[in-house]
Amino acid sequence: MNLVELRENVSMVVDEAVSMRRYLHQHPELSGAEENTRAYIDGRLKEWGIPHRVCSTNGGIVADVGTGEPCIALRADIDALPIEEKTGLAYASENPGIMHACGHDIHTAILLAVGKLLKQQEKQLNGTVRLLFQPAEETTGGAADMIKDGCLENPKVSAILGLHVAPTLPVGKAEFCVGTMNAAVTDFSLNVRGEGCHGAHPEQGVDSIVAAAQIVTALQSIVSRNIAPTTPGVVTIGTIHGGTKENIVADQVTMTGTIRALEPGTQKELKEAVARVAKNTAAAYGALVDVEMDDVCPALINDDRMLRRMLDLAEELLGRENAVRMNAPSLGADDFAFFSDQVPGCFFNIGTLGEVKDGQVLHSAVYAPEEGCIEVGITLMAGGVLELLQSM
Ligand code: NI
């Protein structure tokens with residue numbers, strides 16, 4: 001398929017993709033509870049004769065177009081968020097308190113449309129295009145569960161592409177990041193243990209609230225003093241709970257937080273520093289602390305060759321001015337990183353900023369992506385996978 005044919009084929013599936021997106025938008029489901037979404041994807045794939053299976057680990061869908069090696073995977077996340085939609089759109093969420101506010105409805109519709117398009121050209125395919133419909137991205141872990149179920153095997157997946165909507169980038173543009181694009185994430189909990197007593201007689205106990213307060217303050221020095229000013233890193237305490245009554249010295253405080261870095265070495269350093277500072281600060285106040293660390297997600301690192309190939313292709317398909325280089329990575333995360341940790345991967349953003357400008361950020365109750373992004377996404381995913389199949 002040359003570029004002219006690609007554009008023609010894309011134009012034939014765009015309208016359907018938009019209506020699929022609206023259906024998905026209207027029927028959002030939370031991470032790990034994507035039953036209706038799964039049934040919808042299953043129905044469409046059946047209708048187009050695309051063979052697929054459901055992962056036993058988490059209900060993700062693995063569909064194949066074409067056969068044999070090389071096998072290139074395309075991934076879309078399918079879950080929504082616990083947000084009450086306030087866009088006022090005709091196709092706004094029908095599920096109270098749940099909204100596709102991170103564009104996963106768009107990602108899913110794009111992948112479905114790419115599947116349909118490629119199925120029509122299946123005879124020309126030189127290998128397999130594997131479509132991965134992934135649940136539970138927002139809660140992180142859906143990708144890992146699909147990998148455990150073997151979604152990167154039989155045939156062996158040799159590369160993977162994925163995309164995300166970008167609310168502040170004008171529609172029509174795509175954005176590419178050389179090297180590390182998203183941070184590695186470690187979540188942690190600190191359980192500070194003191195000794196309860198009457199609030200009027202603090203000398204009889206160990207105040208876990210005072211110790212916890214000092215720990216929160218002391219943790220702030222880690223990023224500013226333990227890693228180089230030129231190296232990005234984050235330590236955030238997100239929750240703190242302790243105490244039962246105004247006149248009781250609390251025996252226990254629980255805090256949770258997140259550590260993020262772009263380099264594995266920095267992540268390790270931050271983790272060690274959080275544990276060290278928490279333990280020793282607690283000790284200074286006569287308290288103890290239990291530290292638990294949970295490595296949630298590796299850093300998302302784009303494969304150099306794939307990224308350059310996709311950037312060239314985007315310049316060709318969208319025009320030079322619309323293929324943008326991201327000038328800085330994000331300390332946010334996307335669990336696409338689990339895939340790109342296993343096989344060479346390329347993740348990129350597509351712009352969704354149109355006439356509506358206010359409140360256009362991810363996870364906003366008024367996020368209303370301009371639907372022109374769907375055509376851009378289908379073009380880049382279909383064009384990209386064809387290009388990769390040819391070059392492998
Ligand atoms: Ni997202």
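Let's start with a spacing pattern. In sequence, the donor residues of the nickel ion follow C-x1-H-x59-H. Keep in mind that this is a predicted model.

Who are the donors? Cys-102 coordinates the nickel ion through SG, while His-104 and His-164 each use NE2. The distances run from 2.1 to 2.3 Å. Now place the two histidines. His-104 sits in helix 3, residues 104-120, and His-164 sits in strand 5, residues 157-170, so the pair ties together parts that are 60 residues apart in sequence.

Are these histidines buried or exposed? His-104 is buried, at a relative accessible area of 0%. His-164 counts as buried too, with 7% relative accessibility.

Next, the sheet. There are 8 strands in an open sheet, and the pairing is mixed. Read the order as 1-2-4-3-5-16-6-15. At the edges are strand 1 (52-54) and strand 15 (323-325), and each of them pairs on one side only. From one strand to the next, the twist averages 25 degrees.

Look at one edge. Strand 1 pairs with strand 2, residues 61-66, in the antiparallel sense, over 3 bridges. There, Arg-53 stands opposite Val-62 of strand 2.

Now the helices. Helix 3 packs on the sheet. It touches strand 2, strand 3 (71-77), strand 4 (128-134), strand 5 and strand 16 (345-353). Its direction makes about 145 degrees with that of strand 3.

Then helix 9, residues 373-391. Helix 9 lies across strand 3, strand 4, strand 5, strand 6 (174-176) and strand 16. Relative to strand 16, helix 9 runs at about 160 degrees.

Definitions and conventions:
Residues are numbered from 1 along each chain as its sequence is written. This is a predicted model: local features need pLDDT of at least 70, side-chain atom pairs count only at pLDDT 80 or more; totals for chains, interfaces and linings use all residues. Side-chain values use heavy atoms; hydrogens and water are left out. Donors are N, O and S atoms within 2.8 Å of the metal (3.2 Å for Na, K and Ca); water is not among the atoms, so sites may look incomplete. Helices (H or I, at least four residues) and strands (E, at least two) are DSSP runs, numbered from the N terminus. Buried means under 20% relative accessible area, exposed over 50%, partly exposed in between (1.4 Å probe, protein chains only). Two strands pair if DSSP finds at least two bridges between them. Axes are lines fitted to C-alpha atoms, for helices over the stretch in contact, and angles run from 0 to 180 degrees between N-to-C directions. Contact means heavy atoms within 4.5 Å.
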